[in-house]
Amino acid sequence: MKCIRLFTLLLISIQAFSQKYAIEKVSIIPMDQGITLENQTLLMENGKIIEIGSAAQITIPNGFQIIDGKGKFLMPGLSDMHAHFFNEQGEYKNTIEAELKVMLANGLTMVRIMAGHPNYLQARQSVREKRWLGPDLVVASPQLVGRWPWDTTFRNYAVVDTPAKAEDAVRRFKKEGYDAIKITFMVDRPAFDAINKTAKEVGIKVVGHVGPKVKLPVALAAGEQIDHMDEFIDTLLPDTSYNHGESVSDMNLWRMNAWNTVPYLDESKIPALSQMVKKSGIYVCPTNYFFISCFGASFTEDHYRSKPDFGYIPQAILPERWRVMQLQRKMPIPPESIEKYVAIRKKLTKSLWEAEVPLMAGSDSPEWFLMTGFSIHDELRTFVDAGLSPFAALQTATVHPADYLGLPQKGRIKKGMDADLVLLNQNPLENIDHTKMIAGVFKNGQWFSRTALDEFLSESKKVLE
């Protein structure tokens, strides 16, 4: 066994120095349109696509490592636009390098981390300098909050309970090199306005939550990129006499007075809501699988244990996970309200898509019983379950993240673009679950075969135990 492991590590090391690859006889999913280009040859050098064409037209130059793509499908690497690290949970251990390998092994070539910390900036740099293997990292700032009633050991937040504090935090985090400003809990309107005003002045995007102190129309007017569809459901209430206009968004999912509003939600308002979101020009990251698996499904303990994610959740964190699950399961929520909640999230997602609102895939891992990497495939499945085509679902993890981040060299397969690619054994345009059938990944000019990816998973699981 030791010899096999050493051989695999040697193979990975050799691959790291090979910068020229040719994939021949492969079916390419370019993602600029929902088609499959069959029997293609793709050449890449130093992490860039230098030629694409039919196998009959392209002669593979000397010095290129040839990868047989016959019967396989090549698509752009996947993005997870809402993720975290275990560093901010449990015992606050820094296992970032191992987590990055799990992400890469699951086809993620870009990940946005949504609650910043200096450790995450260091990880971003380590990946850029190729000292660590993993997806490109986009790191949002420490989360800006109105107050913080939880454990203060790990400081990935800043309390901004005045406009002056809000302005200072935005300027500080921009200077420190974060890629966006993250808004989270209990931010009031004056601080929210100061955050967005200052962000525009210094040239940085604002992303994250929308709370009841701000409300959706204000966030849309500010151009905030909204995650979780916060406050979307609340706009479906008949009026503010129902729980002060608050329904089952965000933290209110833990409050029965919010669940009591669900029978009164008016689904006929969804198309108008979608048009309002479309007019604002924002991108939306629904994180549906996280919410549905937590609050919309009665999964058993055996179900969670059977999922591939489970083996990567540190043992020190699991007792708290089980405790929270039991608390949620004990809430006296009528089954019909849970069913309606899930149906509304799906209808909102489909309606936003039909209104041509750009949607982005985000897992919110590693919350609940999810592991970043594995869970992005579950999130893609929720888009299809909501009524999107597999192609539209794939756009949420390829084209749309690249467009939102202003990265025209990513998200599609074209000559001159980054060769961040995933080779699949089956066609995801036929079945979205085929994104799990990974034969290999190209990232940072390197080819990682299935054998290498399995080695990453094995090593990382030992670190994360």
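**Group meeting talk: a walk through the predicted model**

I would like to begin at one residue, Gln-225, which, leaving aside residues up to four places away in sequence, touches Arg-112, Val-206, Val-207, Gly-208, Tyr-283, Val-284, Cys-285, Met-360 and Tyr-404. Please keep in mind throughout that what we are looking at is a predicted model. Gln-225 belongs to strand E13, which covers residues 225–227, and with a relative accessibility of 1% it counts as buried, because the cut-off for that word is under 20%.

Let me step back to the whole chain. The protein chain contains 16 helices and 17 strands, and its C-alpha atoms fill a box of roughly 70 × 50 × 45 Å along the principal axes. For 465 residues a compact globule would be expected to have a radius of gyration near 23 Å, and the chain, with 22 Å, agrees with that. Of those 465 residues, 59% count as buried. If we take the contacts with a separation of 6 or more, 72% of them are between residues 24 or more positions apart.

Now to the helices, and I will start with H13, residues 374–385. H13 has twelve residues and spans 18 Å from its first C-alpha to its last, which is close to the 16 Å expected at 1.5 Å a residue. How many of its twelve residues are buried? Ten of them are, so that H13 is mostly covered, and the buried ones are Phe-374, Ser-375, Ile-376, His-377, Asp-378, Glu-379, Leu-380, Thr-382, Phe-383 and Val-384. After H13 comes Gly-387, with a positive phi near 115°.

Part of the surroundings of H13 is helix H9, and here the two axes are 8 Å apart and the packing angle is about 90°, which is why H9 and H13 are described as roughly perpendicular to each other. The residues that meet are Asn-288, Tyr-289 and Phe-290 on the H9 side and Asp-378, Glu-379 and Thr-382 on the H13 side. By character, this contact divides into two nonpolar, two polar and two charged residues. Asp-378, Glu-379 and Thr-382, which we have just met in this contact, also appear among the buried residues of H13.

H9, residues 288–296, has a further helix partner in H12, residues 335–354, where the axes come within 10 Å and cross at roughly 170°. H9 and H12 are therefore roughly antiparallel to each other. From H9 the contact involves Asn-288, Phe-291, Ile-292, Phe-295 and Gly-296, and from H12 it involves Ile-338, Tyr-341, Val-342, Arg-345 and Thr-349. In this case the residues divide into six nonpolar, three polar and one charged. You will notice that Asn-288 is listed in the contact with H12 and also in the contact with H13.

Between H12 and H13 there is a loop, and Pro-366 is found in it. The peptide bond that joins Ser-365 to Pro-366 is cis, with omega about 0°.

That brings me to backbone geometry more generally. Most residues other than glycine have a negative phi, and most peptide bonds are trans. Against that background, Lys-25 is not a glycine and yet has a positive phi of about 60°; Lys-25 sits in strand E1, residues 20–28, and is partly exposed, with a relative accessible area of 42%. Lys-215, again not a glycine, has a positive phi of about 75°; Lys-215 lies in the loop between strand E12 and helix H6, and is partly exposed at 27%. Lys-130, which follows helix H3, has a positive phi near 65°.

As for H3 itself, residues 118–128, which of its residues are buried? They are Tyr-120, Leu-121, Ala-123, Arg-124, Ser-126 and Val-127, and what covers them includes helix H2, strand E7, strand E8 and helix H4.

I will finish with Lys-93, which is found in the loop between strand E6 and H2. With a relative accessibility of 44%, Lys-93 counts as partly exposed, and, not counting residues up to four places away in sequence, Lys-93 touches Phe-86 and Asn-87. Although Lys-93 and Leu-464 are 371 residues apart along the chain, their C-alpha atoms are separated by 9.4 Å.

Conventions
Residues numbered from 1 in each chain as written. Predicted model: local features only at pLDDT ≥ 70, side-chain atom pairs only at ≥ 80, totals over all residues. Heavy atoms only, no water. Helix = DSSP H or I, 4+ residues; strand = E, 2+ residues; numbered from the N terminus. Expected span 1.5 Å × (residues − 1). Buried < 20%, exposed > 50% of the residue type's maximum accessible area, 1.4 Å probe, protein only. Axes fitted to C-alpha atoms, helices over the stretch in contact; angles between N-to-C directions. Parallel < 35°, antiparallel > 145°, perpendicular 65-115°, else oblique. Contact = heavy atoms within 4.5 Å. Nonpolar A, V, L, I, M, F, W, Y, C, P; charged D, E, K, R; others polar. Rg over C-alpha atoms; globule rule 2.2 N^0.38 Å.
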